[in-house]
Each structure stands twice: as structure tokens, then as C-alpha cells.
Amino acid sequence: MSTEARSSNEAAFARAQRVTPGGVNSPVRAFRAVGGTPRFIRRAEGPFMWDIEGRRYIDYIGSWGPMILGHGHPAVLEAVTRAASQGLSFGAPTEAEAELAEAIVALVPSVEQLRLVSSGTEAAMSALRLARGATGRAKIIKFEGCYHGHADALLVKAGSGLATFGHPTSAGVPPEVVQHTLVLEYNNPAQLDEAFTTHGHDIACVVIEPIAGNMNFVRPSLPFVARLRELCTRHGALLVFDEVMTGFRVALGGAQSLYAQALPGFRPDVSVFGKVIGGGMPLAAFGGTREVMGKLAPLGPVYQAGTLSGNPVATACGLATLREIVKPGFFETLAGKTRSLIDGLAAAGREAGVPLVSDCEGGMFGFFFADALPQNYDSVMATDKARFNRFFHAMLERGVYLAPALYEAGFVSAAHGDAEIEATLEAARSALRV
Ligand SMILES: *Cc1c(COP(=O)(O)O)cnc(C)c1O
């Protein structure tokens, strides 16, 4: 059936809902947080996406992070086309996989070896198994508001007391499955101290988003990062940086490279990547020291595998993307654009008399309708949701596609030019009056 024949988002959504739960293949796409009908996308190019009704949007989602070069970058398209013509999947090793691994190892000093997988969920889940297998310990610490994919043990929220074990956040996850997951408040070193004092000898790892992008945009304080490192080292737990969003996005070496500048010698033990390293194709990775990675099958006792892991087309896409972002000046330019967007939004807020705070790093940004930048999940959720939802729809009507929930980060690509940034700010000045 031709998609051209169906031209309305309403009709497309109704059709999708008949055969797909909620009409979408990933819940946030359904616009539940902001209300309304999701836009069905027909195509994208550079900084733009077009929906099936022919409306054009300046895209600040970028497939939730991967599209750092913008859509349809010629070098990426060429690499993908060439790889596809040579075979879609072999189930046998290729040289390109080693080449991608070498590129990542060269950019991230904490990673000596890595394994390629197909999604961030898979990478984070495997990293946890590796941490547990390598330490022989069961317990893990995560932070409220951080997302590490939807593996069962990570679908958990804080229990009632401080440093108590969590409760499942999804049906289908038995409490026993999360009984080893401690959920702590982001940016709360006292809770971290308490957790390690009580459970230190049982903790396999602490997993954290090193800039939290799944509660919009929340930075950890430097003392908090330093304390994390110190406690993990002292207690023999692994520090797992989930850089699925921040890796190759906030800086070439990920968020960890920023902390290494401020805290000499700083390194996580295990890193998780996704999004940008696949350039828009299903590809993710986890890596660490040779010693830790040596615990993985076939060398070691920790099992992990994947039919499509290191898929040649996805690998080619990731490699072509990395080749662009390592070019001199790439991140400086990207960061400059993101900064001008974010400063412009803050100025628009001031002009409109609307409390609006914003922050960014590299090509990733966040903004909140609040008086101060939130430091943890509760303060993110206490920002003005009604105002955010109004602003989101007003921007969408004006052709600017922001993430459809106040707890999601935004992304600028290399294809966003001054004209798009200025058009976005023009839309914002008007949308803030709605
Ligand atoms: C997106 C994301 C994941 C999950 O990746 P998928 O590819 O969607 O499974 C994990 N961790 C973080 C920090 C993410 O942003």
C-alpha cells in the first residue's frame, strides 16, 4: 500500500494503533507526556524533518542523539550504501569492526577493548553482567532519573528509606529481580557514602549517566564525581559510565574527558556507548580495560553474544560518522551553535518574563521552566510541566521539533546553521507568549 495515499497524521496514528501498542515502537514517540498526535515522519535532510502532511520541522531530537551530522550526510550515505552492496550481515568477523573499535579506543583512554552490540539497552545490560562477573558481587547502584535501557534489573525506583533497595517501575519485573539494585539520588554524596558504608563489600558497580540526559540535562557536581571514583576504588566496585547519550556528543572523548581535565587521572572502569557511534544505525558498545574485558566470553566466564553484533552496515555508518566528528574544529563549532541556541532561549525567557534556565555541553542541551538548574530527578519533575507542554506545542506549530517530554535532552547537529538557530529563537520568542 502506498504511504503517499495516506496524508494525515491522525489517519496514520489510527492505523498504527490498530497493529502496534499505542501506535509506536518506543513509548516516548507517542506524545503521551505532552498530549496530541505524534507526527509521522516521511523523510529528513540536514537539520530538517518533514512529516507526512508535508510540514517541515527543525529537528532537535536527531533520533534522540545519533544524528550528530544531521540527516543524510553524503559521506555517511555513501559508506552505508557501499557496505550494504557488499552484504547485509555475515555472522563472521570483519575488519571494519576492528577499525571501529580502534577508532573508539584511540578517542577514549579508559577503553582498551570493547565489544559491539546492537542497542544501548543491550550494552548497559551486558556491562552490568560483566561488572558482576568480574567482581563476583551482586549489588549495583544506580541513580534516580538516569536511564540505562530497559533491562529488568534497571527498571527500578528508590525504596522508601535512604539507601534501601528499589521497587520495580514496570509490570513484569518481579521484586526479586531488582532486590540487588540500590537507587540513590543524583548529586547526593552523603547517600553514596551511606550506601558504601552499609553495602561496600557487596557492590559490583555504580552505573551513572555522566551528564544525565534522561532527566533533561543535569550535571553531576565535580565533588560528586570525585567521590564516586574514590568510593568505587576504595571498595573494589567498578565505576560504569553510561555514555550512550554523552559519548561523542558532549565532547570527542565523552563526558569522561571533561572530568579528566578537572580531576587529573580520572577514568571510569567501564564505559557504555550507543547513539552517535551508530550514526543512526542500530549499534552500541561497552568497553574497559583489557583485564575487565577479558572476563567476557570467549576468553572468560561472562557470557554475552549477538547475531547482529558488529553488523557491517551499522559499523560502516558508525565509522563514517566518527571520521567526520574527529575533524579539527568539529566540536568547537558544534558547541558554539548549541551555546548560541541555549543563550538565545535564556534571553527570550528573560524578555518574556518567563523563568527559563538552560545548559549545554558540546551538541547536547537542556532547558527548564524554573528559576534554577535542577540537581536531581525530584527537582526536574518539580519544574513547570504545564508551561513546558504549552511551549512544546507552540514550537511544533512553528516548525520546531523539540523532545516531547520535559525530562528529555535536546540535540544540535553540525547541519544546523545560523539561519535555523535564529528561526528557532524567533519561534521561541513568539511561543513563550502563548
Ligand atoms: C538511549 C540510552 C540508552 C538505551 O539505548 P537504546 O539504544 O535505546 O537501547 C541507555 N543509556 C542511556 C544513557 C541512553 O541515553
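## A walk through the model, starting at Y60

With a relative accessibility of 1%, Y60 counts as buried, because buried here means under 20%. Before going further, keep in mind that this is a predicted model. To find Y60, look in the loop between β3 (56-59) and α2 (74-86). You can also place Y60 against R219: the two are 159 residues apart in sequence, and their C-alpha atoms are 20 Å apart in space.

Stay in that loop for a moment. W64 also lies between β3 and α2, and its backbone has something worth a look: W64 has a positive phi of about 70 degrees although it is not a glycine. Now jump along the chain to N216, in the loop between β9 (203-208) and α6 (222-235). N216 isn't a glycine either, yet its phi is positive, at about 80 degrees. Is N216 buried or exposed? With a relative accessible area of 2%, N216 is buried.

Next comes the loop between α8 (290-293) and α9 (312-325), where you'll find N311. At 14% relative accessibility, N311 falls under the 20% cut-off and so counts as buried. What does its side chain reach? One partner of the N311 side chain is the backbone oxygen of L88, at 2.8 Å. Another is the backbone nitrogen of V313, which the side chain of N311 reaches at 3.0 Å. P298 sits in the loop between α8 and α9 too. Check the bond just before P298: the peptide bond that joins it to A297 is cis, with omega at about 10 degrees.

Now for the ligand. Which residues are around it? Going along the chain, you meet S119, G120 and T121, then Y147, H148 and G149, then E209 and N214, and after those D242, V244, M245 and K275. Sorted by class, this shell has 3 nonpolar, 6 polar and 3 charged residues.

A few of these neighbours are worth zooming in on. An N or O atom in the side chain of T121 is 2.7 Å from an oxygen atom of the ligand. K275 also uses its side chain, with a polar atom 2.6 Å from a ligand oxygen. Y147 takes part through its backbone instead: a polar backbone atom there is 3.2 Å from a nitrogen atom of the ligand. How much of the ligand does the protein bury? On its own the ligand exposes 380 Å², and the protein buries 82% of that.

The last stop is an open space in the protein. Rolling a probe the size of a water molecule over the atoms shows where empty space is left. The second largest pocket has a volume of about 560 Å³. It is lined by 27 residues, and those closest to its centre are E97, L114, R115, L116 and S309. Two elements give two or more residues to this lining, namely α3 (95-107) and β4 (113-117). Which element provides the largest share? That's β4, with 4 residues. By class, the lining of this second largest pocket has 15 nonpolar, 10 polar and 2 charged residues.

If you want to retrace the tour, begin with buried Y60, go on to N311 in the loop between α8 and α9, look at T121 and its contact with a ligand oxygen, and end among the residues closest to the centre of the second largest pocket, including E97 and S309.

How values were computed:
Residues are numbered from 1 along each chain as its sequence is written. Side-chain values use heavy atoms; hydrogens and water are left out. On a 1 Å grid over the protein atoms alone, a cavity is a set of points where a 1.4 Å probe fits but cannot get out, and a pocket is an open set with protein on both sides within 12 Å along at least five of seven lines; lining residues have an atom within 4 Å of a point. Grid points are joined across faces, edges and corners, and a volume is the space filled by probe spheres set on the points. Ala, Val, Leu, Ile, Met, Phe, Trp, Tyr, Cys and Pro count as nonpolar, Asp, Glu, Lys and Arg as charged, and the others, Gly among them, as polar. A residue is near a molecule or strand if one of its heavy atoms lies within 4 Å of it. A polar contact is a pair of N or O atoms within 3.5 Å; within protein, one must be able to donate a hydrogen and the other to accept it, and residues adjacent in sequence count only if both atoms are side-chain atoms. Accessible areas come from the Shrake-Rupley method with a 1.4 Å probe; for residues, only the protein chains shown count as cover. Buried means under 20% relative accessible area, exposed over 50%, partly exposed in between (1.4 Å probe, protein chains only).
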